[in-house]
Amino acid sequence: MHYYVSGPHQTSCGCSQIKPAYAAADLLWPLEKYLGYRGKLADAGLISFDAATDEIYIERWFKHHCKGSWKFGKGLMTQICKIESDQLREQVETEFASTDIGMQAMEAQAAEKEGSKPSIANDHSRLASTRLMQRI
């Protein structure tokens, strides 16, 4: 468990991709021993993993690793989007969305999207489409 939580592969969103043979080599264990302990951690509800993508998520990660600003939260959202496993990505998104930093990051992202839409006032304005205004 310590290897997953604080090892060199861990990310800020609590989900990392670790090939079993690579992890076994890091731990100086036979592959079978590593796979057995990974299974025990999953059975105990400490991790979730997707064997198809070799991704491992530390359960309840955001309960203990959820400090920072909404900007940091947006960075976490970017990391979460890169999770290959659909099952793990949905699990991480759900847990992150239930935190204060997650809610703030999602609100900031929604506000940015809303701000990038043209307003009714300048949608067809000739002034807005001039070269001078396009540079601003």
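Read along the sequence, the elements run α-β-α-α-β-β-α-α-α-α-α. That makes eight helices and three strands. Helices (H or I, at least four residues) and strands (E, at least two) are DSSP runs, numbered from the N terminus. This is a predicted model: local features need pLDDT of at least 70, side-chain atom pairs count only at pLDDT 80 or more, and totals for chains, interfaces and linings use all residues. Residues are numbered from 1 along each chain as its sequence is written, and side-chain values use heavy atoms, with hydrogens and water left out.

**Whole chain**

Start with everything shown. Of the 136 residues, 32% count as buried. Buried means under 20% relative accessible area, exposed over 50%, and partly exposed in between (1.4 Å probe, protein chains only). Now turn on the surface. The accessible surface comes to about 9,000 Å², by the Shrake-Rupley method with a 1.4 Å probe; for residues, only the protein chains shown count as cover. Carbon and sulfur atoms hold 57% of that surface.

Contacts come next (heavy atoms within 4.5 Å). Take those between residues at least 6 apart in sequence: 59% of them join residues at least 24 apart.

**The sheet**

Select 15-17, 47-50 and 55-58. The first two ranges are β1 and β2; the third is β3. Together the three strands form an open sheet in the order β1-β3-β2, with antiparallel pairing. Strands count as paired if DSSP finds at least two bridges between them. β1 and β2 are the edge strands, each pairing on one side only. Neighbouring strands are turned by 20° against each other on average, direction ignored. Axes here are lines fitted to C-alpha atoms, for helices over the stretch in contact, and angles run from 0 to 180 degrees between N-to-C directions.

Zoom in on β2 and β3. Four bridges join these antiparallel strands. One to pick out: isoleucine 47 has isoleucine 58 in β3 as its bridge partner.

Add residues 31-43. This is helix α3, which packs on the sheet and touches β2 and β3. Its direction makes about 125° with that of β2. Then add residues 86-97, helix α6. Helix α6 also packs on the sheet, touching β1, β2 and β3, and its direction makes about 20° with that of β3.

**Glutamate 55**

Stay in strand β3 and click glutamate 55. Is glutamate 55 buried or exposed? It is buried, with a relative accessible area of 5%. Leaving aside neighbours within four places in sequence, its contacts include Cys15, Ser16 and Gln17, then Ser48, Phe49 and Asp50, and also Leu88. Draw a distance to proline 20: the C-alpha atoms are 9.9 Å apart, with these positions 35 residues apart along the chain.

**Helix α2**

Proline 20 leads on to helix α2, residues 20-27. Colour Pro20, Ala23 and Ala24, which are buried. They cover an arc of only 100° around the axis, so they lie on the same side of α2. The arc is that of the directions from the helix axis to the C-beta atoms. Now colour Ala21 and Ala25: they are exposed, on the other side of α2. What covers the buried residues? Show α1 (2-6) and α3, which are among the elements that do.

**Three positive phi angles**

Most residues other than glycine have a negative phi. Look at these three.

- Leucine 28, just after α2, takes a positive phi of about 60°.
- Aspartate 54 has a positive phi of about 60° although it is not a glycine. It sits in the loop between β2 and β3 and is buried, at 13% relative accessible area.
- Arginine 60 also has a positive phi of about 60°. It is in the loop between β3 and α4 (61-64) and counts as partly exposed, at 42% relative accessibility.

**Cysteines**

Select cysteine 15. How many disulfides does the structure hold? Zero, where a disulfide is a pair of cysteine sulfur atoms within 2.5 Å. The closest cysteine sulfur to that of cysteine 15 is in cysteine 13, 5.7 Å away, too far for a bond. Cysteine 15 is buried, with a relative accessible area of 5%.

**Last stop: threonine 99**

Go to the loop between α6 and α7 (100-116) and select threonine 99. Threonine 99 counts as buried, at 9% relative accessibility. Show its contacts: it touches Phe62 and Cys66, not counting residues up to four places away in sequence.
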